[in-house]
Each structure stands twice: as C-alpha cells, then as structure tokens.
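Work through the exercises below with the model open beside you. Try each task before you read its solution.

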Amino acid sequence: RRSASPARLAGTRGARTSTRVTAVHRAAPSTLTPRRGGAVPPSRRSARTRGTVPAVIGVAALLALLIAAVLFVRGCAGSPDVGTPDESEAYTAAYGADALVWRNGRVSLADGEGASRAGIDVSSHQGWIDWGAVAGDGIDFAMVRIGYRGYTEGALNEDEYVTLNIDGAQAAGIDTGAYFFSQAVTEEEAREEARFVLGILDGRALQMPIAYDHEPVHGQAGRANSVERDVLVACARAFCEEIEEAGYSTMVYGNRSDLARFADLDGTVGGARALAAALGDRPVWFAEYDVATPTAPCDIAMWQYSASGQVAGISTVVDLNILFSAA
C-alpha cells in the first residue's frame with residue numbers, strides 16, 4: 001500500500017486478457033465466362049453436344065464445390081471460436097498453486113513454468129539501503145518511489161531517497177523501475193504528475209517500467225477518493241501516455257478494489273477484458289498479501305505478495321514482488 005504521507009497506509013495493494021479474433025478472409029469464386037461461337041452445322045451438332053455434356057457436368061460440380069466452400073467459411077466466421085472463452089465464463093487465474101513454489105517466505109515459478117524474477121519496492125520509508133547486500137540476497141529488480149501527490153492539498157513531492165535508491169540499485173546490478181503515488185483528480189493533473197516524474201529522471205535509463213499508482217486514502221479525507229471511473233481511466237491513460245512518449249514503459253498498480261475502480265471486475269472473462277481495455281492493455285502490478293497464490297480476476301505481470309519481507313541490507317520490512325513476465 002502506498003502512502004503520500006510519511007506513515008504507510010495499511011491494507012493490500014501482466015500476461016493480460018487479450019483475445020484476438022482472427023478474421024476469416026473469403027475469396028469470391030472466379031467468374032466463369034461461357035465461350036461464344038457461331039451456329040453449329042447440323043451434321044456436327046449431335047457430336048459436339050455429346051462432347052459438351054461431360055464438360056457441363058464438370059463445371060456444375062466445380063460450382064457446387066465452390067458454393068459449399070463459401071457457405072462453410074461463412075458458417076465458421078459466424079460461429080464462436082471454441083478456443084475463445086465466453087465473456088460470461090469465470091476467469092481462471094494464470095498462476096495457480098501448481099505453478100508456484102514457496103521457499104523461506106519468497107515465491108517463484110515452479111520448474112517448467114517459465115522464468116520469474118524476485119523484486120522489492122522501496123521508498124524513503126526504508127531509509128538508507130545497502131544495495132550490494134540486497135543484490136547478494138537474490139533480489140533481481142527494484143521499484144523505487146519517485147514521488148507522490150499530497151492527498152489533501154495536492155502538492156507534488158519528490159521522494160527524498162529516489163536518487164540514492166536508483167543510483168545504488170543500478171550500481172549493484174539490480175534492474176530498476178519506478179512508481180508514482182497519484183492523487184490526480186483531472187487528466188491534466190495526471191499529465192502534470194508524469195512531467196514531474198520525467199523532470200526528476202532527467203532522461204536516465206530504467207530497466208523496468210514506471211508504474212501509475214492511484215489509490216483512495218482510507219480513513220482520510222482524500223482529495224481523489226471519489227473520482228469517477230471515466231475520469232480515473234483518463235488519468236491513468238494520460239499519465240502513461242506522457243511517460244511512454246519519453247521512451248519509458250509503463251504499468252498500473254493496484255489491489256483488487258483499486259483495479260475495480262477502473263472496470264467491473266466481477267470474476268468473469270468479460271470483466272478481465274474490460275480492465276485490459278480501460279488500461280490500454282498495459283501490464284498490471286497486482287497487490288495481495290497472505291495468500292498462497294494471487295487471486296486477481298485479470299491477467300497480471302507482477303505480484304506484490306508481502307508487505308513484511310526481510311531482505312539483507314534493509315533495516316525495515318519491505319514489500320516483496322515476483323515478476324512473472326517481461327513488462
């Protein structure tokens with residue numbers, strides 16, 4: 001859970017659902033043009049007619065086959081693909097118990113399930129970090145908070161450790177991304193936040209995406225707590241577009257209730273597709289703690305599975321993450 005204030009907020013915090021329907025292209029049967037000739041002399045008409053009968057039968061058979069083929073193709077195009085789930089079907093999570101292995105409080109993909117990477121996300125809450133020790137403890141990547149917008153007055157703030165954390169992580173050979181805690185209430189404010197992030201980065205390279213993290217502030221009079229869905233979607237898209245135009249990749253962070261603010265996540269395939277469409281098919285960084293497997297009703301690229309991790313080189317607890325796929 002991200003927080004714009006020094007105190008962290010309690011609570012929980014992408015291969016996405018993307019179905020491509022392949023169009024069936026149908027070629028119209030070629031036109032058969034009858035030959036034209038003069039009258040057949042009476043002495044030769046019967047013989048020529050006898051020779052024409054097999055040809056007529058062959059042409060008729062060919063036309064019948066072409067018509068049957070066209071009707072078959074039309075029937076296939078109009079029928080649902082048996083390999084494409086129906087919108088109302090229950091969404092099946094991609095990473096079940098058989099796909100994951102837990103060791104010493106950390107999770108990874110089981111053998112044969114593909115490669116996964118271990119990561120953390122950090123901010124000024126963790127204080128000074130020994131990044132060499134972090135790398136030695138098996139951490140492959142880090143998501144660093146760049147800054148946040150205040151949840152009352154809406155001022156933009158830079159994380160006081162952002163430069164130290166990015167410099168330290170990259171020097172230790174840890175792939176680095178970033179996130180920004182948004183409280184934007186308009187599309188223009190979201191673009192302002194993106195420009196603020198880009199100004200801090202000043203063109204420096206990142207190996208991981210920049211995540212958009214827009215959350216309601218529970219128990220507080222948060223300025224963005226009641227943002228309408230269409231405005232929230234526009235804010236997410238605007239922030240990501242500004243960041244992407246500068247050459248960085250993006251993703252969207254949230255727990256189940258955060259993501260449900262973008263689309264109706266009702267546990268169906270249709271709900272997962274609606275979220276993917278709302279976010280412009282950008283990867284999802286999903287937050288959910290105290291479960292053996294993520295229960296996200298949508299495709300996710302990364303899972304934040306603990307807010308109480310222990311990692312060498314960090315004196316406080318830290319969020320633990322697993323990256324399932326390239327984001």
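Three exercises follow, each with a worked solution.

This is a predicted model, in which local features need pLDDT of at least 70, side-chain atom pairs count only at pLDDT 80 or more, and totals for chains, interfaces and linings use all residues. Residues are numbered from 1 along each chain as its sequence is written, and side-chain values use heavy atoms, with hydrogens and water left out.

**Exercise 1.** State how many helices and strands the protein chain has.

Solution. Start with the terms: helices (H or I, at least four residues) and strands (E, at least two) are DSSP runs, numbered from the N terminus. The protein chain has seven helices and 11 strands. Next, take burial: buried means under 20% relative accessible area, exposed over 50%, partly exposed in between (1.4 Å probe, protein chains only). Of the 327 residues, 43% count as buried.

**Exercise 2.** Decide whether helix 7 is largely enclosed, and find what covers its buried residues.

Solution. Count first: eight of the 10 residues of helix 7 are buried, so this helix is largely enclosed by the rest of the structure. Among them are V269, R273 and L275. Now look for contacts (heavy atoms within 4.5 Å). The cover includes helix 5 (229-245), helix 6 (256-259) and strand 9.

**Exercise 3.** Locate D202 and D281 and give the sign of phi for each.

Solution. Recall that most residues other than glycine have a negative phi. D202 has a positive phi of about 50°. D202 lies in the loop between helix 4 (187-201) and strand 7 (210-214), and is exposed at 65% relative accessibility. D281 also has a positive phi, about 60°. D281 sits in the loop between helix 7 (269-278) and strand 9 (284-287), and is partly exposed at 36%.
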